[in-house]
Amino acid sequence: MSVYEQMLDNKNDRTNRLRAIETLGRYAANPGEYATAFREAAADPDELVRATALRGIGAIGQRVPSLISEFEKAIQAGLRDPQIRVRVEAVEDVAQFRA
C-alpha cells in the first residue's frame with residue numbers, strides 16, 4: 001500500500017485525504033493502479049473529498065481517457081450528488097474523458 005493510499009484510509013484526517021487524492025490525480029505514473037482509491041474517495045461522506053476525487057478523476061481522464069470504464073459509476077453517482085460542488089466536478093469529468 002502506498003503512502004497516499006494510507007493517507008486516504010485515515011478517515012479522521014480530511015486534510016491528508018484531500019492531499020492524497022489531489023496528488024494522485026495529477027501525478028500518479030499509473031493512475032489505473034489507484035482506481036479503487038478514487039472510487040472510494042468519490043463516495044466519501046465529506047463533500048469536499050468527493051469533489052476533489054472527481055476532479056482527480058477528470059485529471060486522469062485527460063491523461064488516460066481509456067480508463068473511463070473504471071470511473072463510470074463514480075461519475076454517474078457524482079452527477080446525482082446532493083451537493084452542487086460535487087455535481088459540477090462530475091460534469092467536468094465527462095468533458096475531460098470526451099475531450
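**Helix α5 and its surroundings**

On the side of α5 facing away from its buried residues sit S69 and K73, both exposed (over 50% relative accessible area, with a 1.4 Å probe and protein chains only). The model is a predicted one, in which local features need pLDDT of at least 70, side-chain atom pairs count only at pLDDT 80 or more, and totals for chains, interfaces and linings use all residues. Numbering runs from 1 along each chain as its sequence is written, and side-chain values use heavy atoms, leaving out hydrogens and water.

Now for the other side of the helix. Within α5, which spans residues 68-79, the buried residues (under 20% relative accessible area) include F71, A74, I75 and G78. Looking down the axis of α5, the buried residues stay inside an arc of 105 degrees (taken from the directions from the helix axis to the C-beta atoms), so they line one face of the helix. An α-helix has 3.6 residues a turn, so residues three or four places apart point the same way. Cover for the buried residues of α5 comes from contacts (heavy atoms within 4.5 Å) that include α3 (35-42), α4 (47-63) and α6 (84-98).

Zooming out, the protein chain has 6 helices and 0 strands (DSSP runs, H or I of at least four residues for helices and E of at least two for strands, numbered from the N terminus). Its radius of gyration, taken over C-alpha atoms, is 12 Å, close to the 13 Å from the globule rule (2.2 Å times the number of residues to the power 0.38) for 99 residues, so the chain is as compact as a globular protein of that length. Of those 99 residues, 41% count as buried.
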